[in-house]
Each structure stands twice: as C-alpha cells, then as structure tokens.
Amino acid sequence: MPSATATADPELEPPEIYRAQYAASFATQSQSYNPTAWAQLAKDLGAAQVVLTTRHHEGFALWPSGHPNARTSGDAPFPAGADFAKGHVNAVRAAGLRVGLYYSPIDWRYPGYYDVTGAKPPSPALTSDCVLPNSLYPWNYEGTDPAGFDYHEDARTMKNEVYQSVKELVTDYGAVDDFWWDGGWLAQQGTDAAGSFFWEPGQYRDPGNGWLVDAAYGEDESSTGKPLGLTGLVRRHQPNAVANSRSGWVGDYDIEEGGYVSTGPIRFGGLVQKAFSISGTTWGYDGDVAMSFSQAMAVFVNAFVRDMCVIVNVGPGATGTVPGKQAAVLRQVGGFMSVNSEALYSTRGGPWNPVEGQYGFTFTNQTVYAHLLAGYRGGGSSFTTPSLGDAKVTSVYDVVSKNPLSFTTSGGNSVTVTGIDRTRHPDDTIVAIVLDRPVVPTDIARGATATADSVETAHGNLAANAVDGDTSTRWCAADGSTGHWLQVDLGSVRPVAGARIAWEQPDNAYRFRIDGSSDGSTWSTLADRTGNSTAAQVQAPTFTAQARYLRVTVTGGLSSSVWASIRSFEVYDRPFLDPSLSGGDLALGRPAGSSSNENSSLVAANAFDGNPTTRWSGQFSDPQWLQVDLGSTQTVGRVVLNWEYSHATAYQLQVSDDASNWTTVYSTTSGNGGVENISGLSGSGRYVRMYGTARATQWSYSRYSMEVFSS
C-alpha cells in the first residue's frame, strides 16, 4: 500500500545568498503550512502513513534543533518556536495514520563532508549537482580556504550534529512508526554502506573510531555502557519503529528508488519499498507539474504485483501547498485504490511472476487477483491463468462491480475467464479468482521430527530448531566441516514439490544437495546445488517426488566463520511459482562471471540474485564485461539492464554457446543508464553478456540487475 512523503526545503542556494534573498520570504510564506491538509491528501490517496522530510542534504532542519551549528526553523527570521515536525506528527496522528520521519545524515554545509579524512575538497569537484558554475568548490562552501583548515574536525562536528538531531527526533515527538534514512554516502559518491565507517549507523559505535561523538550529543547503552550507533539510538527510544537500509546499516526494508516502472520477478526475500516522486521530475518543488494518471498507475501497480509497497513523494511550494496537478493525480489513484481495495490492501504479490507490461497478480488467503495492465494483449475481455496445479476454482468475479464472471477449465488446469469489462480501469482491470484451498501451500515439515549427523548442543542449536517456524533459532553442526546433514521425517510418504532453506548467514554461497527417501535407507537426489554460486540467504529449489524423509547435505561454501547452519528448512507439496509460466527471467539465480569486480562484495552474482539492492561493479577501466550462464541454449529476445549511477554509454549485448565465440545481438553508443529494456533481439545461446566499451563516469560499470527473457 502507498505511503507519502513531503519535502519542504528552502531554495538550494549558497548560504549567503539564501540568508540575504530568500530566508525572510520563506520564513513568512512557510507559516501557511497546513499539515492537516497533507494528512487528508494522504488519506485521499489511501496511504497508511505520512513521512516528513525533516532534514534534507542541504542541512536545514524543520524543527528547532539544539546543536549550536544547526540551521533550523527555530532560527531568525522564523518565528520563535517554529516547529514543522511537531505540526506534522500531530496532524498525522489525528488523521489515524502512521507517523514517519525522514532524516538525511548528509550535510552539504560542512566542508568536511567532502573529505572526512582531512584533505581539501576534490578539484575539480565530484558532481555538478552541488557545485556553483565556474567554481571548484561545493555550492555552500563559505569563506576562504586557509591551508590550516581542519577538515577532519569539521567532519566530526557534522557527525556530532547528526547524533544530536536523531536523538531529538526519536525523543521529542512521541511514537514514531518509520525512521526513513536517506543517504550515508560521502563526498557525493559511493554507497551508503561505503560511508558507514564514518557515521557508525549500527547498534554501537567504536570507541576507537577516528571521529568520536562527544558525550553531550551521543548516548550510551545503560546496561553495558557501550556507545550507541544511529540504529542503536533509534531502537532504544523507538523500539517499535521500522527503518530502511539507507543509513548504511541493515534495515527492516530495502528501497527501490526512481520513477521508472519496476520490471522483473517478484521481490522475494524481504520487504522492498518502491520510492518515486509524483512530479515526474524532482524530489522537491518544481512548479505545478505531475505525472499523468496512467504513468503513476504503471509505477504503483507494477510495484504491487512484485510484492513491493510504495512510498510516493510530493513537493510542496514555499507555502506548504501541494501543487494542484500532483494532488489531483494522487486523488485519482486514491479512487482506484478505494474501489479495488480488496485486491491491494493486506495482499501479497504473486503467486506467479508478472508478465512484463501485460499482467501480474496479488493474492490473499484463497483468492488470486489478476491485474490486467494497459498493455495486456491477451484477447481483450478474456484472460487465461497459469496452471493452478491441484487447486480448483470455485468462483470468479469483477472486483469493482462484484459481478460474477464466466470461466472454463482447460488443459493443465488453467482457467479462462470471459466477459471482463476493461473500460472502467484500463490501466489495471482486476479479476478475483477464488480457489478451494489457500494460495500459499503449507509447510509440511513444520513441527516434524528432525535429526542431524552433527549438532552444536553447547549453544542449543538443535536439529528441531530448523523446523520450528522461528528463524531466530537455528540448527548448526558441531564443527566447520563439509558433509554435515539435516533430515526431517514427514511421518508418511507424501508428494513433495519443493523446499525452502533459510541459511544462517546472508551473502554466503552455501553449496548443498537435497535428497529424498521413502524408507530412510535408499536415497535419491531431488535438488543438486553442489555448484551453487548464488549468495542468497533464502533458496527455494523445486522438484517433484514422493518421499517421507528429506535430507539437506551441506557440501561446500563454508569457512572459518561460516559453518553448516540452517535457520529454517521447509518442505511443500506444491511449488511456490508455476515453472511453466512463460516470460520468466532466464538469468535469475544462474552462474555468473565478469571481467573484474571492484571489490569482494560487488560480485557478478549480485546482478542475477533477484535482489534490487545488491549490485555488480567492475574495475575503473575499459573494456569490462558481465556474463551469465543460462544452463542450456535459449532464445534471447529481450534483456533488461538496471544500472546504478555508473553506467555504460557504449556497449554490446552478445550471445554464445561456448563462452568463447560471441555474436553481437545489440549495440549502442548512447546508453542513458537507469533501466534499459532492450527488446526485439534475435539470437540464441547458452551464455549472454554485456560487453562495455565506454563509461559514463570516471568510475566503474555498475549494475543492480541483468535480466534475460525469451520474448
């Protein structure tokens, strides 16, 4: 379901110009700010919470912060006590919505931000978005640049202000439901995680860190005396709040940012929030501009069918008024949300992957909702589902009118629905398909008898922990050797169609094999992942068999710090997704390779793991390539490239049967980055690669994902 953010930053001008020309007028105009109207707009949209941008990268705080360096709404020329955050929190709570607070640790006001280690800002400056014309320095750089300026200490002062600010936000405004971080990168480059050494966003700070937080601005854990990091500070005062991962630390959910339409498979493995601006241009005020209703719907719905929630940004002007075109589009979307609420709220994306630009699914309990999108070409008023396996359809109806629809069952137990009215909501016509059983299959291993060849009993990591339905407990072997196994007894011979393993450690490519047996003596291999290179914490191989016993044997991927250890071993009598569904990503989870990796965490497999927050990045040189092994020769009709900021301007897409002799199926010298959906390809091969010959930046080729489709 959607949430909403509101941005109310002053003009991004050099500080001296802001103070002289804009501060007084902004202080006066901003008093028209009406948070009650914002909360009502969020309700009209159908949002569940509203997040206020309390401070953006330019460092202006919308509350009267107590740090001596803070630039805030409590300063002249603002009226004494002006507190926009307080108005937001009170209005949102009164509207019955959840309260969110956005905060950016980045602060462009500090010269030390541009090199926390102590050197001068880079020359020429890194990015044009924060540099004045004909200047070597950031737009907010004030004064002379004496040789003796202490950039390191300036950065430490900035860090002190961050800790003071966060402490105020989590203690002065009552319960906060969502703490929305934005950015831990330093000097306008790199990743959030790359800046974590400086901000210390985890539970604790390091007493030996080179940028210590003064006692007046930080806090210590009362029980241990350990200094709290940013997440520790939030958790201490707001234990029920969720937070994203944008601080540089592991969060409760990930962000997929941008106004592009999401593509690819369902976002398995964790909650992902789609964040975009309804203006279609910028995250702040840009006049009375907005996406069209159809453009906005495409972003919303393509997120929902991929099991993502949505947060939509609005950019009010200086008076705090949301531009009319943005408000109108949000209310249009809200109308759609209202009449289709049963298919959107309290649902999940799936159970089948969407087909790009045509249709996707959400579901709850025993009902699957088919979303027919604007580009649906499947016969106008009719729609055929993928195979329903052993489930039967009891009824089908139009979600808006609730009128029943005719349906017939065809081969493979798929169902064809007819008489669908596409005229009311052509951007997303939703049909409800009610089954005779729950959509999600039951874990038939939960609570069953589990045994293992080796158990770390000293720490209570018993075999039964892997089938207790609790991922905070685990089974672990007694040593770090390979070959250890975990076994579950289902009680009788039963049909099995797949398993799901949640490993103890994330970001580790465990290698394993799953075997099945009807008597516990004679075993057959059901899934062989002994060559696995996918570093996904949750893996779900599918297979078809009759078995009473299932055993997972860990064959590799271990080290001195990683042992055979499983948080959850689940077994199912139905597959999670129908493998016969056409149009799936052929590259998902397949073995990958590259010409180089920027470092040990930015590896090729990240581009094929289905996780939109991980990425591959190569060395800072040309050429570089990224390739995937599809396992067998496949027709390649479309490739989707999701670039990070560092993208290619010139590259080829190539196919090969042997990874030695390559055929180019696409070539460009004008790549724009972002998400490039390259269709109409004609070729086939077992291997597909992107061969980059020119970079758009001085850094690397960097990509979140590379998806390969047959059509």
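Here are three short exercises with worked solutions on this predicted model.

Local features need pLDDT of at least 70, side-chain atom pairs count only at pLDDT 80 or more, and totals for chains, interfaces and linings use all residues. Residues are numbered from 1 along each chain as its sequence is written, and side-chain values use heavy atoms, with hydrogens and water left out.

**Exercise 1.** Work out which parts of the structure the salt bridge between D214 and R156 ties together.

Step 1. A salt bridge is a side-chain nitrogen of Lys or Arg within 4 Å of a carboxyl oxygen of Asp or Glu. For D214 and R156, the N to O distance is 2.8 Å.

Step 2. Helices are DSSP runs of H or I with at least four residues, strands are E runs of at least two, and both are numbered from the N terminus. D214 sits in the loop between helix 5 (196-199) and helix 6 (230-237), and R156 in helix 4 (residues 151-171), so the pair ties together parts 58 residues apart in sequence.

**Exercise 2.** Decide whether D214 and R156 are buried or partly exposed.

Step 1. Buried means under 20% relative accessible area, exposed over 50%, and partly exposed in between (1.4 Å probe, protein chains only).

Step 2. D214, at 30%, counts as partly exposed, while R156, at 16%, is buried.

**Exercise 3.** Find the strand order and the edges of the open three-stranded sheet.

Step 1. Two strands pair if DSSP finds at least two bridges between them. Five bridges join strand 16 to strand 17 (residues 414-418), and T408 has T416 as its bridge partner.

Step 2. The order is 14-17-16, with antiparallel pairing. Strand 14 (383-384) and strand 16 (406-410) are the edges, each pairing on one side only.
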